[in-house]
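The exercises below are meant to be worked with the sequence and the coordinates side by side. Try each task before reading its solution.

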Amino acid sequence: MASYNRIVLLGNVTRDIELRYIPSGTAVTDIGLAVNDRVKKGDEYIDETTFVDVTLWARTAEIANQFLAKGSPVMIEGRLKQETWEQDGQKRSKHKVIGDKLILLGSRGDSQPAAAPSHAAPAEPNRSDEPW
């Protein structure tokens, strides 16, 4: 049986980027993304916001740290991943996106240098050193 797991999101960063490095030296950052969907309720249209956690690795994480800030518009392509853990004796889970491509949107007025190129980052590195 075949499977396909791709997701494309266009939204705004919800918090400033915090870059960190795992013991192997690989850069990683977790960003929040707010994605709006305009829906009609009665006679009016309203925005429904979905908040998505996105993890970026390697050079993609470094590009995000260099060019993105809270409120920056961005497009991310990646794959959906379900994380599971145990907390207070209860199993918990959530979905997040592992970003493969980051495309910078906006201009200098969006807290982003005008010369910042759109960037399609390389695929994520081998994850044998992930802490989970």
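Is Lys-94 buried, partly exposed or exposed, and at what relative accessibility? At 33% relative accessibility, Lys-94 counts as partly exposed, where buried means under 20% relative accessible area, exposed over 50%, and partly exposed in between (1.4 Å probe, protein chains only).

**Conventions**

This is a predicted model, in which local features need pLDDT of at least 70 and side-chain atom pairs count only at pLDDT 80 or more, whereas totals for chains, interfaces and linings use all residues. Residues are numbered from 1 along each chain as its sequence is written, and side-chain values use heavy atoms, with hydrogens and water left out.

**Exercise 1. Find the salt-bridge partner of Lys-94 and state which strands the pair connects.**

Step one: the side chain of Lys-94 meets that of Asp-53 in a salt bridge, at 3.0 Å from N to O; the term requires a side-chain nitrogen of Lys or Arg within 4 Å of a carboxyl oxygen of Asp or Glu. Asp-53 lies in strand S4 and Lys-94 in strand S6, so the pair ties together parts that are 41 residues apart in sequence. Strands here are DSSP runs (E, at least two residues) and helices are runs of H or I (at least four residues), numbered from the N terminus.

Step two: Asp-53 is partly exposed, with a relative accessible area of 30%.

**Exercise 2. Describe the salt bridge between Asp-100 and Arg-6 and the burial of each residue.**

Step one: the closest N and O atoms of this pair are 2.6 Å apart. Asp-100 belongs to strand S6 and Arg-6 to the segment before S1, so the contact ties together parts that are 94 residues apart in sequence.

Step two: Asp-100 is buried at a relative accessible area of 11%, while Arg-6 is partly exposed at 31%.

**Exercise 3. Work out how S3 pairs with S4, and relate one bridge to the nonpolar core.**

Step one: S3 and S4 run antiparallel and are joined by 14 bridges; two strands pair if DSSP finds at least two bridges between them. In their hairpin, which has two residues between the strands, Gly-42 takes a positive phi near 70°.

Step two: Ile-31 has Val-54 in S4 as its bridge partner. Val-54 is among the residues that touch the most other members of the largest nonpolar core, which has 20 residues; such a core is a set of buried Ala, Val, Leu, Ile, Met, Phe, Trp, Tyr and Cys residues joined through side-chain atoms within 4.5 Å.

Step three: Ile-76 touches both Ile-31 and Val-54, contact meaning heavy atoms within 4.5 Å.

Conventions. Lists of a residue's contacts leave out its neighbours within four places in sequence.
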